[in-house]
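Here is a short tour of one protein chain and the two ligands that come with it. Have a look at the model first, then read on.

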Amino acid sequence: MTVTKRILSGIQPSPLHIGNYFGAIHQWVSLQKENECFFCIVDLHSLTANYHTSLAQASFETAAMYLACGIDPKQSTLFIQSSVPYHTQLLWLLATKTPLGWLNRMTQFKDNKAKDESLGLYTYPVLMAADILLYDAHLVPVGEDQKQHIEFTRDLALRVNGLAEKDLFVIPEPMMGKSNTRVMSLKDGTAKMSKSDPSELSRLLMTDTRDAIVRKIKGAKTDSEPWPNTPSDLVGRPEMTNLLSLLSVLKNQSMTEILQTVQSCKNLKEMLMEEMFLFLNPIQAKYHDLIRDRSFVLDVLNQGNTYAQEVAYGTFDRIQHFFMD
Ligand code: AMP
Ligand code: TRP
């Protein structure tokens, strides 16, 4: 018998790309059947970068996309971070126990600091730790790029438990999917597909039209080496590896099978366009229905926000004594 675990994960409100789907949401959909899942739209985190014009609209659209991808509100709690004020309250309590050296080591801060240096970006990992610890999450399903943040959360929870001399916080574990935990940019196979890449052609959005899919895949970078006969021929060929892994996951076939059937770069791109379209088409149809059914999505969020608030209150009430008494 599988033991039910508490699961929490989050994504910033922004147009989701296929990296978000294969790295995170795909896992969430299968986890929700047997676990108690909380999926959070981390709108406060997204204030550390400027992607959107209206945060409320971006959060609404992100929620609609979660639902279209198969997050079931009967099985999972879908909620918005800023609707539960305990996240920022716990951030502060945790911040008082966070060594600066730990924050200085975080790669996200080091990478973005020239662009967006702010206290918010610096404390980003502490808010993320608060998101996770407030729900006593055992598992945090994320893409590989988030590993360092989960390690940070674990270290902080262990440190506070040590200071409190009791198991105040549950120690969470990261959970990575088996494949495509890192979908790479269509323009550079060594950089992850990202919403912050200045080139729109580097990412496939979950809402991309057929034309956009064709344009982006046609223009995707490849190389001029001979066709790889076995997976080992792909060493040092990041762009080909990325496109082939996507096709392999979409067709549910091993890399070896894919290499045998595809046989040319032209076929690879054509098959990938077709499979991507087949994969995205039903999700987009659901998404557009949900965008029109505004009250349904808002009801799901209201119920999720209320339940998340109750659970977060329970944890906050339990742990605040250590900090305040
Ligand atoms: P973000 O868009 O940075 O808020 O990421 C939300 C979730 O998607 C996190 O779990 C990330 O690890 C995952 N993710 C983002 N980009 C990628 C990518 N290129 N490949 C795989 N997972 C990703
Ligand atoms: N930092 C995560 C990202 O950029 C988003 C996030 C915020 C998150 N809080 C979280 C992910 C809690 C998992 C759990 O992808």
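How far is a nitrogen atom of ligand 2 from an N or O atom in the side chain of Asp131? The distance is 2.6 Å in this predicted model. That makes a polar contact, which is a pair of N or O atoms within 3.5 Å; within protein, one must be able to donate a hydrogen and the other to accept it, and residues adjacent in sequence count only if both atoms are side-chain atoms.

A word on ground rules. Residues are numbered from 1 along each chain as its sequence is written, while chains are lettered from A and ligands numbered from 1 in the order in which they are written. Because the model is predicted, local features need pLDDT of at least 70 and side-chain atom pairs count only at pLDDT 80 or more, totals for chains, interfaces and linings use all residues, and side-chain values use heavy atoms, with hydrogens and water left out.

**The chain**

The chain has 13 helices and 5 strands, taken as DSSP runs numbered from the N terminus (helices are H or I, at least four residues; strands are E, at least two). Its C-alpha atoms fill a box of roughly 70 × 45 × 45 Å along the principal axes.

**Polar contacts of the ligands**

Here are the contacts, with Asp131 listed again.

| Ligand | Ligand atom | Protein partner | Distance |
|---|---|---|---|
| Ligand 2 | nitrogen | Tyr124 side chain | 2.7 Å |
| Ligand 2 | nitrogen | Asp131 side chain | 2.6 Å |
| Ligand 2 | nitrogen | Gln146 side chain | 3.0 Å |
| Ligand 1 | oxygen | Asn20 side chain | 2.9 Å |
| Ligand 1 | oxygen | Gly143 backbone | 2.8 Å |
| Ligand 1 | oxygen | Asp145 side chain | 2.4 Å |

**Around ligand 2**

Taken alone, ligand 2 exposes 370 Å², and the protein buries 91% of that (areas come from the Shrake-Rupley method with a 1.4 Å probe; for residues, only the protein chains shown count as cover). Strand S1 (6-11) and helix H7 (119-133) are the elements that give two or more residues to its shell, and H7 has the largest share, with 4 residues. There are 13 residues around ligand 2, with Gly10 and Met128 among those that come nearest; being near takes a heavy atom within 4 Å. They divide into 7 nonpolar, 5 polar and 1 charged. Here Ala, Val, Leu, Ile, Met, Phe, Trp, Tyr, Cys and Pro count as nonpolar, Asp, Glu, Lys and Arg as charged, and the others, Gly among them, as polar.

**Around ligand 1**

For ligand 1, 17 residues stand around it, and Val183, Met193 and Lys195 are among those that come nearest. Its shell has 5 nonpolar, 8 polar and 4 charged residues. Helix H1 (residues 18-31) gives the largest share, 4 residues.
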